[in-house]
Amino acid sequence: MTQRRKWTAIPGLILLAIGAVALSAYSGASSSQNNSPVQPILFPHPLHAAGNLNMNCLYCHNTANKSPDPGLPAVSTCMGCHLIARADRPEVQKLAKYYAMGSGKPVPWVRIHKLPEYVRFPHMRHVNAGVTCQSCHGPVQEMTQVYQFASLNMGWCVNCHVNGYDPREGLKATGIVDTSTTVTPDAERKRARYDCASCHY
Amino acid sequence: MSETTTPRVRRREFLKVLGAGTAAGAAACSEPTGKLIPYLVSPDQTVPGVSTYFASVCRECSATCGIIAETRDGRVIKLEGNPEHPLNHGALCARGQSAVQGLYNPDRFRSPMIKTGGAWKMATWDEAIALLSQKLGEHKARAGSAVFLNQHESGSFPTFIDSWLSSFGMRPHVSVDFEADHAVIEANKRSYGVAWPGLAFGQAQLIVSVGADFLDGWGSSVQHQLDFADARAKGASAPRFVYIGPRRSLTGLNADQWVSCTPGGELAIVNFLLGRGDARAAATASGANADALTALARELAAAKPSLVIAGGRGENGLEVALAVGALNKAAGNVGVTVRPADAALGFEGISKQGDVMAAVERMRSGSVAVAFVRGPNPAYSLSPSAKFAEAFGNVAFKVSFSLYPDETTEMCDLILPDLHSLEQWGDSEPVKGTLGLQQPAMDPVFTGSRATADVLIAVAKKDAAAASKFPADFRTWLIARLPAGTAQRSAMLAKGIGAGSITRREVSSTTTPSSVAAAAGEYFLVTYPSPTLGDGRGANKPWLQELPDPVTKILWSSWVEIHPETAAKLGVERGDILEVKTAAGSVRAPALVYLGIRPDTVAMAIGQGHATAAQPTFFDGKDTGVQWGYGRYSRSVGANAGALLSGAVNGGGGWVASGKCDVVKTGERQTVPTTEGSARQHGRGIAQAIEASELGKPQEAESHGHIPGAASTAFLPGLRSPVAADAQGDLGAPTAADKGNQVGMYDPNHPLGMAKRRWAMTIDLARCTGCSACVTACYAENNIPTVGAPWQNGVVYAEKRPGFNITRGREMNWLRLERYYEGAEKGGFTEDFEARFIPMMCQHCGNAPCEPVCPVYATYHAPDGLNVQVYNRCVGTRYCSNNCPYKVRYFNWFGYGEPDRIQYAFPEPLNWQLNPDVTVRGKGVMEKCSFCVQRIREAENRAVLDQREMAADEFTTACAAACPSRAIVFGDAADDSWSVTKYVANERAYHVFEELNTYTAVVYLKKINHAAAGAGAGER
Amino acid sequence: MATAAPPMEQRPNIPSATVRLPAVKDYEQVDREIMGTLKPTLGWFAALATAILCLLIGVSAWFYQVYAGMGVAGYNPPVMWGVYIISFVFWVGIGHAGTLISAILYLFRAGFRTSIYRCAEAMTVFAVMTAGLFPILHLGRPWKFFWLIPYPNWRLLWPQFKSPLVWDVFAILTYLTVSSTFLYIGLIPDIATLRDKETNPVRKAIYAAMSLGWRNSDREWRHFTRAYLFLAAFSTPLVLSVHSVVSFDFAMALTPGWHATIFPPYFVAGAIFSGLGMVFTIIIPIRKFFKLQHYVTLNDLDAAAKMCLFTSLVVGLAYLTEFQIAWMSGNKYEQDYFWNRVFGQWAWAAWIMLICNMVLPLSLFSQKLRRNPSWLFILSLFINLGMWFERFVIVVPALSHEFEPWQWGTYAPTWVDYAILLGSFGWFFMWFLLFIKQLPVIAITEMKEIVPPKLRKVGGGGH
Amino acid sequence: MSGLIGVFAELDSTVNAIGELRRSRFNEITVYSPTPRHELEHAIEAPPSRVRVFTLIGGVCGATFGYWIAIWSSRYWPIVVGGKAIATWVPYTIFGFEVMVLVGSLSTVFALFALSRVPRLTMTVGYDERFSQGHFGIFVATAPDRAKEAAELLKKHGAVEVRHEA
């Protein structure tokens, strides 16, 4: 036969595929995930939030349950203990320098979790709904240097709002309680509004 | 917790502001992360991200209303009225709202300044105070001649100044208020014994205003408006309102009847009403209609009690006011509708203009060594014939305490920038027996400014003689004067008011009316302080520049009001530049053809045309130097009508604000910036009205109801769909298969209770006076950019003219106040036309036409009945706006919210005012009224925190909160406990464009007209 | 002789070449003359340069607009749409005539199609390419245009499929794809011809690649004719749907003057009308400069002119119907709008539209004028103008006088609008000029179909 | 498999040649012509093209996908606009139609390519550049033993040129 089957490959289609993938990639996935900057003071969360201290997150981030804003501990709060406790440690001395008996300047912590300005995230609504800090911030009590645990992109938020928050999963995330044995009945999952104006206005 | 770029700005709001530029544009994946700055020592009571509220006193006019300053982490972000305050009961006018833009005005002085060799240079406070006390030392001999001009301020501070002055052997200060209606105050003192009696509109059967513009900022405006609105809302039993005057001001437009008369003609009319002389004589003397006068006299005689109010800006202002006093006495109104007992004390102790002029004369004589100016701006406000500049120049050493650059300050030698009233202590006595406490709501915005009182104390401390007379600081001095008892004081701190009274300084003033030369001219001229800018004080605040004049709807400009007849005679149309000439001077401004003015009269508003008006040079948005003149926002805006005044003073010691003038058409044209498209409804029934006599009878919708397929031809009362389940359009309409009981747009039995509520609003047009306070409140609450500044256009194509964007229809007023005329279609002069005011904002339709056309769900219908605009989803096709019958959607044509752009609407530190709960919109997105969704969410959050259901009327929108007529009611129409449900059932309720089947959530209540007794029902 | 060639009467229904193209003798002449047009000339370079210059002006204006904001364009709310949407509809409309000629007339076997369809089809593709730009560059945030395309994303959000604008996206993209495919398929055999005639190795290689190794074998022809038929069959309803969808942008809105059921047919007719106008504007100079008068004959022009006249009558009828409907509707808003259209502030635009689209084309009732190329050319310019203003009259006056009198306004384009409009013409003609010098403006293969093939004397062989 | 190729100038002689070749059982014939001629089709009596099948399938798939993507994504995140139903099939017909046309015509093109074996990278045997211009051609794939006979036959019918192709 005269027909030599010589197909020019289908480069066009391949290009289309690549384009589509690139587009959906560009459209969403969070680039700041796992971002873990070095802080001016190497604050060890494990020492405070776990171990024998095992402090409650709300001790320092004291407005997380009553304000949209979780709040950072005032330097005075830190010095409450560190005037005496571990006062000899270099990091604590850094802190003391910042404090400088009230006339000093606050610590310029580097921000890690940042939502765009057009998103409203009322912390207290989530905390009071029983969502554990670790559900979104990850196992901070184990992070010697804090990093962004969740992608914080919209699909991630909405998944929880629609499919519901599983209290057991949340507790498990804290690492304090292990509830992996039981499974949450669907009715107990906490769902939230999923229309745009719940967060965007 | 906060984020920072500049050390000065330390709080979280600022994080919002920083991101503001990219707010709508940024993609979630590329967020710049900044610094988190904790408090060093956390302050008690404040929770980051949660507002704290401080009660204080408003100093924008002399009435001293009570305000509540909402502060977020130490920054004032919003002002609202103090609900407990006897004057304003929680309402607040546009000027009061704008105080924050005075506080955060980008043109405020950053530090004291000293003029050396004609050049200004910044100085430290030590230098400045040293210089002042040194100068005082030099001129000790002539101390007695010193002049202290202080913006009139009720409370203890005037006493403090005087005690300071006296300790330096200086004479008492002059308490200046260029806005005050001195003739009326004088007459009130003589007739009723108080400067400003309470006016009980509600008691009256008939209200007659003889040129008293009590809705235009005349006197205790908010208080009067509240009473007036309450009175007018009484429906059939409401008092009729007749306005007498040469032009229909906002007050005039709210009247049921206008009796026009020549400026000065009022006297003849009032005398006739007093029974002196007959109607015909009065008519000829006043240019009024004799029959109208007769009818009025009859009506007035019949109405017991009535309320007659006088304005006294004319040459014979005092006589008119006195005659009116007599009239009220004769009618037995005193104590009933005119209540000296509830006098507004803010107007006591104002020095007459005569005193000001006397001071100016002393300066001219050269005898004055030192002059202090705190607040007033005589260089702008005084008539050119007063030659203030020359006189002031003769003073050896001139000190200004002004916060902002202004014409007078520019002539001074030393500037000691005062603190804003929101930053310092003070007090006031609004009504007898009540104390208003003015407390700082935040730390000073600029560390370089200092409270005048404390500066004076500091100076005194340097003076051996005076040192001992003063405590360490003014606060101590003030607190000491407050009624004793810490309990009461802490109560005052919390509530802003308390029982007590202030020993006022009595001003002895001897004014003899200056002999007014019989002015010549073809037309009568009337000038009046602008309802929005006051005597010009507001001109450096963008909100007030951007606020359309309630009557003419013109903004960022001056104008000459001229009647169509006269206009035709002169061949003038709107926008033709006219030159108005008087003996004193001449002014050029575009013509505004206005129905509500006599053909023999032209009128101009005072307030625009500051020093730089003439200068061709424009502020380019980046200039960081001192903005001389009166700040960047008054640059090159309009002309100063004050220049037309003779400077003569009437019997009451107030300006003669009217006279004669000639009007010349210059041939130049200019598009007048206005928000008005067509002033006629074209029978579309947008602002509907009803005759009082018709109340209680079955009605037809006013709009033409014959559109095929229209929702209804007859009126359906209230919300089309009263409950949440079926609140939301066709799916749940009462006509739906399931009678709308179960399936709304969103399932009412949704596990999240998403469809529990139906937010709705009613607006009572019988109350609305068109004062526009709601508009400014909306700007303040929702971070709405002002776009009228000359530099806020494109870069390449940009006509550098104030209000240019407005002439292109690009104003961003989410809530606009429309003013439609009814009647007087066929030219020719007639007193018989009606104005209807209607606030128009997003109607939050159940069947919103804007929603289905958006390709990306950027606007959609929320389960609780809101029509939501998602800024960050919007791609800017603008289709929604095309499809909105109400035209209430506004587009960001430029990057008004982006700090690095020339069009930026919130130059530092104006951006400190931005509401952290509202996204600042970026370029290229659509925005609109959100029913203050941020307040809804805040209330929901509060309820959840307290583990309770939201209480009825727990919160309201910014416009409703500010409204001084209480015309706006907001609430949940799905829950009968909210008062809004009461109003939607009202017989006057209607929807705009109901025939379009949009199921709006905003319900209007028809305006009520009161025809003259005997007269047939006028057109509706 | 049972196996002799079937008598010529059995030929397919192609109008006899002797009647249609008396001046065309044989295949070689077709090749020679049509390929002769492909040599670039100085005039062509000049034209191309001009087009590219216009394009650059438009592009820079657009960059400025993106940087500074939509405010630099002359939008005066309430007029939120302006020159861009007008031009969008205008260009989409232009496209339609091409598809009509190449597809619908193909199905109807209209003879005069052969000579002009290649031009018309190219015009379609480039016009749609131009039109497709406007919806993007009129966006407030053009860099987000892809949100209108349904693709999986991390926001879990999809376009709002009830929005006419999303319908547009689908309609326009489909139209662009199908019409360009149609054009290319038709081109393949011609490219093969070029390939075989070409001597320059580089160009030959390019042509070879473009022709996909086309060999004119019987099997190729068999499938080709079928496929071509089906594409034509698809394009026919497509061309009707596309402008109907475009008309929905307006008809689906509440706006008085837009909210009308007459829009789809009215728009389609208008589109074809404007397209034919553009066809004349293009084909008449080409047949003159390329000396193709004996291919694009006066008969062809005459026939096309008749279609033009017909569509003009349809459009005219639509105009009048609109007024009549508004009048009889008793709907105040409609009545106000249409009154304002002809006697109000936009009267001038309305009258330009009425005269150019209704009155002037009536001249085509005269055969003399129909067969007069220069008149047809002049007329076509008026038609283009008129059709642009038709869209202006639809968009601007309706928006400037809507329901809310307080928000009534006006509209004044700025230099940015005009620059971008100019740029769109530059873009269109740049492509078209590049096309006519690289590829044959007249379909060689189809020409050969109607040119009589060489024959031995009938019944040859003789034994 | 090799064969030989005859170049013709005239249409009818080509037709006749084809007829005779097929009668003498030369069944592997490829005919080239500058333009589709029905005479040739009749002479070859080839089966009808199968393009239509692809077109049908493509169209159906397209229509289905058009409706599906619109309806599915509307229900995926139910947001109400303008009081309309979440998924409204009437307007979605537009997507059904447009996508049908799109996929339908693309699959038609695909069918054309697939069935007529384009694109091909190299010219195959038995092609002559003249075939795209004025001349007709017949390629006869034949075993060398019958090549001579075929050549004779082609010549007899007036082939301008007859040559062997490997």
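**Exercise 1. A nonpolar patch on chain C**

Which helix gives the most to the nonpolar patch, and how many residues does that helix supply?

*Solution.* Work on the predicted model.

Step 1. Start with the helix. α12(C) gives the most, with 3 residues.

Step 2. List the members. W339(C), F343(C), W351(C), I355(C) and V359(C) form this patch on the surface. Together they have about 560 Å² of accessible area.

Step 3. Find the helices. α11 (332-343) and α12 (347-359) of chain C each supply at least two residues of the patch.

Step 4. Pick one member. F343(C) sits in helix α11 of chain C. The relative accessible area of F343(C) is 52%. Exposed means over 50%, so F343(C) counts as exposed.

**Exercise 2. A salt bridge between two loops**

Find the salt bridge between E423(B) and R108(B). Are E423(B) and R108(B) buried or exposed?

*Solution.*

Step 1. Check the contact. The two side chains meet at 2.9 Å, N to O. A salt bridge needs a nitrogen within 4 Å of a carboxyl oxygen.

Step 2. Place the partners. E423(B) is in the loop between β17 (414-415) and β18 (426-428) of chain B. R108(B) is in the loop between α3 (99-103) and β5 (113-116) of chain B. The pair links distant parts of the chain, 315 residues apart.

Step 3. Test for burial. The cut-off is under 20% relative accessible area. E423(B) has 4%, so this residue is buried. R108(B) has 3%, so this residue is buried too.

**Exercise 3. A helix tied to a loop**

Which parts of chain B does the pair D230(B) and R767(B) tie together?

*Solution.*

Step 1. Check the contact. The side chains of D230(B) and R767(B) form a salt bridge at 2.9 Å, N to O.

Step 2. Place the partners. D230(B) lies in helix α7 (residues 221-232) of chain B, and R767(B) in the loop between β28 (759-764) and α23 (773-781) of chain B, so the bridge joins parts 537 residues apart in sequence.

Step 3. Read the accessibility. D230(B) is partly exposed, at 38%. R767(B) is buried, at 17%.

**Exercise 4. Two helices of chain C**

Where do D190(C) and R118(C) lie?

*Solution.*

Step 1. Check the contact. D190(C) and R118(C) meet in a salt bridge at 3.0 Å, N to O.

Step 2. Name the helices. D190(C) is in helix α6 (residues 164-197) of chain C, and R118(C) is in helix α5 (residues 113-137) of chain C, so the pair ties together parts 72 residues apart in sequence.

Step 3. Add the surroundings. Both residues, D190(C) and R118(C), are buried.

Definitions and conventions
Residues numbered from 1 in each chain as written. Chains lettered and ligands numbered in written order. Predicted model: local features only at pLDDT ≥ 70, side-chain atom pairs only at ≥ 80, totals over all residues. Heavy atoms only, no water. Patch = residues over 30% accessible without salt bridge, like charges linked within 9 Å, V, L, I, M, F, W, Y side chains within 5 Å. Areas by Shrake-Rupley, 256 points an atom, 1.4 Å probe, with all protein chains shown as cover. Helix = DSSP H or I, 4+ residues; strand = E, 2+ residues; numbered from the N terminus. Buried < 20%, exposed > 50% of the residue type's maximum accessible area, 1.4 Å probe, protein only.
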